[in-house]
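Please open the model in your viewer and keep the selection tool at hand, since this tour moves from one selection to the next.

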Amino acid sequence: MISVDEIIEKSFSKEAISSEEALSLYQTDPYSKEAFMIRWAALKQSMELADGLAEIHAQIGLDSGPCPRNCQFCSFAACNTKDPSVKRRETPLKDILEYAKIYVDQGANLILLLSTEAYDFDKYAEICGRVREAVGKRTPLLANTGDLTPDRAKRLKDMGMDGIYHAARLGEGAITEIPVETRLATVENAKKAGLKLSTCLEPIGPDHTAEQIAERAQMCMSWEPLTSGVGRRVAVPGTKTARLGMLSQPLNALYAASYRLTDHRTKLIASVHSELMANSGSNLSWSEMGSNPRDTRRKTESGRGRTVQEIKNLFSEAGWKVRKGPSPGWTD
Ligand code: SF4
């Protein structure tokens, strides 16, 4: 069997990594010498691919649950909403525009508008247009909303959106009420409408096997996203999956680094905010404001959300420079 050392050599030569080889990377003991070699190689490759530049993307949450799609890991899911009197809450437009202005001023490289599946699509599309007017043409704007028909994808493009964030989550269709096929169709519809893709292999828990991770990594790469990521599931208190716990950072770092070594084209790989991740090849982090499905606070900036400056400091501590100006590739 080919050794981890040899797989790393193949990766540096930009040779295709077979599924068996990829699986052996994901199966590596996260505390072994080989795991540190994988993480070192991933850091070196990310630095080369991205010219030593990390990016900070910004998420603005437009509403909070209850959401009928019932993703068991999400604080907005109706199935995780204990109080039956809780009503959906929407971030007022003036706050959304204010958040967008703050992010432009702070130097976020891209802005994403997040909504639950319960958000009225016409209203969502209108808000996309208002944010586009507010931030000007240069800032890449991404949509992260319900699944898209061809018509809806085209509407978002017409409203000035450059791309979407979209994922086929681990356990899709089993621990969510959205069939995987629907998620795949959204990717196709978005691409046909000229929207680019940001994705992530998520949400990973300690209950997932290396085989599941390797298989889903293959799916993510097959979509040829502009940015990708490897993210652990947040054990949000009160969610059905919280009792399963969280992946350790060394294991998340191993998975992200293994993804890096098997993907020779995606320049930016997102992960949790930490120097360990940044030193294992993860060069994209998300700042969050407004509602957030990974938080129980109404405004995540008072909870788990991090400011652009905090993430800049983290990348700087880890030896990365942060890109100034818009994230490239979205508006080309
Ligand atoms: S992850 Fe999205 S679709 Fe699923 S319950 Fe939460 S808001 Fe709804």
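Begin by selecting G231 together with the residues it touches, which, leaving out those up to four places away in sequence, are C200, E202, P203, I204, A270, S271 and V272. Please keep in mind throughout that this is a predicted model. G231 itself lies in strand β9, and it counts as buried because 22 other C-beta atoms lie within 10 Å. If you now add I269 and draw a distance between the two C-alpha atoms, you should find that G231 and I269, although 38 residues apart in sequence, are 9.8 Å apart in space.

One of the residues touched by G231 is P203, and it deserves a selection of its own. P203 is found in strand β8, which covers residues 201-204, and the peptide bond that joins E202 to P203 is cis, with omega at about -15 degrees. A second cis peptide bond can be found by selecting G65 and P66, where omega is about 10 degrees; P66 lies in the loop between β2 and β3. These bonds are worth a pause, because most peptide bonds are trans.

Stay in that loop between β2 (63-64) and β3 (89-90), and select R69, which also lies there. Is R69 buried, exposed or partly exposed? With 19 C-beta neighbours inside 10 Å, R69 counts as partly exposed, since a residue needs 20 or more to be called buried. Leaving aside neighbours within four places in sequence, R69 is in contact with A77, E117, T176, E177 and I178. For E117 you can also check the C-alpha atoms, which are separated by 7.1 Å even though the two residues are 48 apart along the chain.

Now show the ligand and select its surroundings, which are C67, R69, N70, C71, C74, F76, A77, T116, E117, T176 and P293. You will recognise R69 and E117 in this shell. If you colour the shell by residue class, it divides into 6 nonpolar, 3 polar and 2 charged residues.

Next, move to helix α1 (residues 4-12) and helix α3 (residues 33-49), and turn the view until you can follow both axes, which lie 10 Å apart and meet at an angle of about 5 degrees. Because of that angle, α1 is roughly parallel to α3. To see where the two helices meet, select V4, D5, I8, S11 and F12 in α1, and then E34, M37, I38, A41 and Q45 in α3. By class, this contact is made of 6 nonpolar, 2 polar and 2 charged residues.

Helix α2 (residues 19-26) comes next, and its buried residues are E21, A22, S24, L25 and Y26. Which helices do these buried residues pack against? They pack against α1 and α3, which you have just visited, and also against α8 (210-222) and α9 (249-262).

In the loop between α1 and α2, select K14. K14 is exposed, because 10 other C-beta atoms lie within 10 Å, and its phi is near 60 degrees, a positive value in a residue other than glycine. A further example is E224, in the loop between α8 and β9 (227-232), where phi is about 50 degrees although the residue is not a glycine. E224 counts as partly exposed, with 14 C-beta neighbours inside 10 Å. Such values stand out because most residues other than glycine have a negative phi.

For the last single residue, select N109, in the loop between α4 (93-106) and β4 (110-114). Although it sits in a loop, N109 is buried, with 24 other C-beta atoms within 10 Å. Not counting residues up to four places away in sequence, N109 touches E55, I56, H57, R323, P326 and S327.

Finally, zoom out to the whole protein, which has 11 helices and 12 strands. Its C-alpha trace spans about 55 × 40 × 35 Å along the principal axes. A compact globule of 332 residues would have a radius of gyration near 20 Å, so the 19 Å found for this protein agrees with that expectation. Buried residues make up 49% of the 332 residues, and among contacts between residues at least 6 apart in sequence, 74% join residues at least 24 apart.

How values were computed: Residues are numbered from 1 along each chain as its sequence is written. This is a predicted model: local features need pLDDT of at least 70, side-chain atom pairs count only at pLDDT 80 or more; totals for chains, interfaces and linings use all residues. A residue is near a molecule or strand if its C-beta atom, placed from the backbone, lies within 6 Å of it. Ala, Val, Leu, Ile, Met, Phe, Trp, Tyr, Cys and Pro count as nonpolar, Asp, Glu, Lys and Arg as charged, and the others, Gly among them, as polar. Helices (H or I, at least four residues) and strands (E, at least two) are DSSP runs, numbered from the N terminus. The radius of gyration is taken over C-alpha atoms; the globule rule is 2.2 Å times the number of residues to the power 0.38. A residue is buried if 20 or more other C-beta atoms lie within 10 Å of its own, exposed if 12 or fewer, and partly exposed in between; C-beta atoms are placed from the backbone. Two residues are in contact if their C-beta atoms, placed from the backbone, lie within 7 Å. Axes are lines fitted to C-alpha atoms, for helices over the stretch in contact, and angles run from 0 to 180 degrees between N-to-C directions. Angles under 35 degrees count as roughly parallel, over 145 as roughly antiparallel, 65 to 115 as roughly perpendicular and the rest as oblique.
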